[in-house]
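I opened this notebook to record what I looked up, going from one helix outward to the charged pairs, the annotated spans and the confidence of the model.

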Amino acid sequence: MIAFLASAAANPPSSQGTQQAVGYPTLFLLVVLGSLIPVVPTGAIVSSAAVVAFHQSDPLALLGVFCVASFAATLGDIGLYVLGQRGARSRGGSRQLHRLQDRVDEHTLATAQRRLDEHGAAVLVLSRLIPAGRLPVMVACLLSEMPLRRFVRGDVPACLAWAATYQLIGILGGSLFPEPWQGVALAVALTFAIAAGPSVVRHLRRQP
């Protein structure tokens, strides 16, 4: 997926219209997929798409990336939440919810539940901006049986803030280099470094 965007940056189509017609649906599908399957690096995908849009010298291209990414992230989050809700209400329990819980350690989940109790749906905004913060809060929302409507009210601004943040990372990478592929490489490196931050901090804390 990242290789696809890097290839598009290194070999852009001759027509901006063609690039947008191919790029926006691809961006949409990848972000939706990444929201449903948490292992997909959606932040890096959005940043890479922003680099390509930045080098088009068209403000509408950047606006398109922002709108597509935020809408796709919201749609993916809602889809994942609905799957969790349906499973939780079934007699046999929720396989999807159990899969999500398996990805979250007990301490992180307890912290997410406490913050949800203190701040309500507003905590969703922060959870989207903190690396690996989305799943613990979503699981906490499911365990507290938060209604879908309330979840959506908190998730929409969260996805808007998330898309804007990773787009800014892409714009930064694109502005530092003359070639789009160079900006994509930097944007991907930055997003992966940010994502790895919490794991590094936890590892350092465990050291004697």
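I began with helix H8 and listed its buried residues, which are Arg-134, Leu-135, Pro-136, Val-137, Met-138, Val-139, Ala-140, Cys-141 and Leu-142. With nine of the ten residues in the helix (residues 134–143) buried, I noted that H8 is largely enclosed by the rest of the structure. I should add here that the model is a predicted one. Just past this helix I looked at the backbone, and H8 is followed by Glu-145, whose phi is positive, near 60 degrees.

Next I turned to the charged side chains. How many salt bridges does the count come to? It comes to two.

I looked up Arg-128, which pairs with Asp-77, and the closest N and O atoms of this salt bridge are 2.9 Å apart. The two residues come from distant parts of the chain, since Arg-128 sits in helix H7 (residues 123–129) and Asp-77 in helix H4 (residues 59–89), with their positions 51 residues apart in sequence. I then checked how covered these partners are: Arg-128 has a relative accessible area of 8%, and Asp-77 has one of 0%. Both values fall under 20%, the cut-off for calling a residue buried, and therefore Arg-128 and Asp-77 count as buried.

The other salt bridge again involves Asp-77, whose side chain meets that of Arg-134 at 2.6 Å, N to O. This pair also links distant parts of the chain, with Asp-77 in helix H4 and Arg-134 in helix H8, 57 residues apart. Arg-134 is buried as well, at a relative accessible area of 13%. Which residues do the shared partners join into one network? I wrote down Asp-77, Arg-128 and Arg-134. As a general remark, side chains of opposite charge can pair when their charged atoms come close.

I then stepped back to the whole chain, which has ten helices and zero strands. Buried residues account for 42% of its 208 residues. Of the contacts between residues at least 6 apart in sequence, I found that 77% join residues at least 24 apart. The exposed area of the chain is about 11,000 Å², and carbon and sulfur atoms supply 63% of it.

For annotation I consulted UniProt, where an unreviewed entry places the feature "transmembrane region" at residues 27–53, 60–83, 156–177 and 183–201. I compared two of these spans with the model. Residues 60–83 are 100% helix and 0% strand, with the end C-alpha atoms 34 Å apart. Residues 27–53 are 81% helix and 0% strand, and there the end C-alpha atoms lie 12 Å apart.

Last, I checked confidence. The mean pLDDT of the chain is 78, and 69% of its residues reach 70 or more. Where is confidence lowest, and where highest? It is lowest in helix H1 (residues 2–10), at a mean of 47, and highest in helix H9 (residues 148–176), at 91. Over residues 1–15 the pLDDT stays under 50, although the model has 23 contacts beyond four places in sequence for that stretch. I keep in mind that predicted coordinates should not be read in detail where pLDDT is low.

Note on methods
Residues are numbered from 1 along each chain as its sequence is written. This is a predicted model: local features need pLDDT of at least 70, side-chain atom pairs count only at pLDDT 80 or more; totals for chains, interfaces and linings use all residues. Side-chain values use heavy atoms; hydrogens and water are left out. UniProt positions are given in the numbering used here, feature names are shortened, and annotations may be inferred rather than shown by experiment. Helices (H or I, at least four residues) and strands (E, at least two) are DSSP runs, numbered from the N terminus. pLDDT is the predictor's confidence in each residue, from 0 to 100. Contact means heavy atoms within 4.5 Å. Buried means under 20% relative accessible area, exposed over 50%, partly exposed in between (1.4 Å probe, protein chains only). Accessible areas come from the Shrake-Rupley method with a 1.4 Å probe; for residues, only the protein chains shown count as cover. A salt bridge is a side-chain nitrogen of Lys or Arg within 4 Å of a carboxyl oxygen of Asp or Glu.
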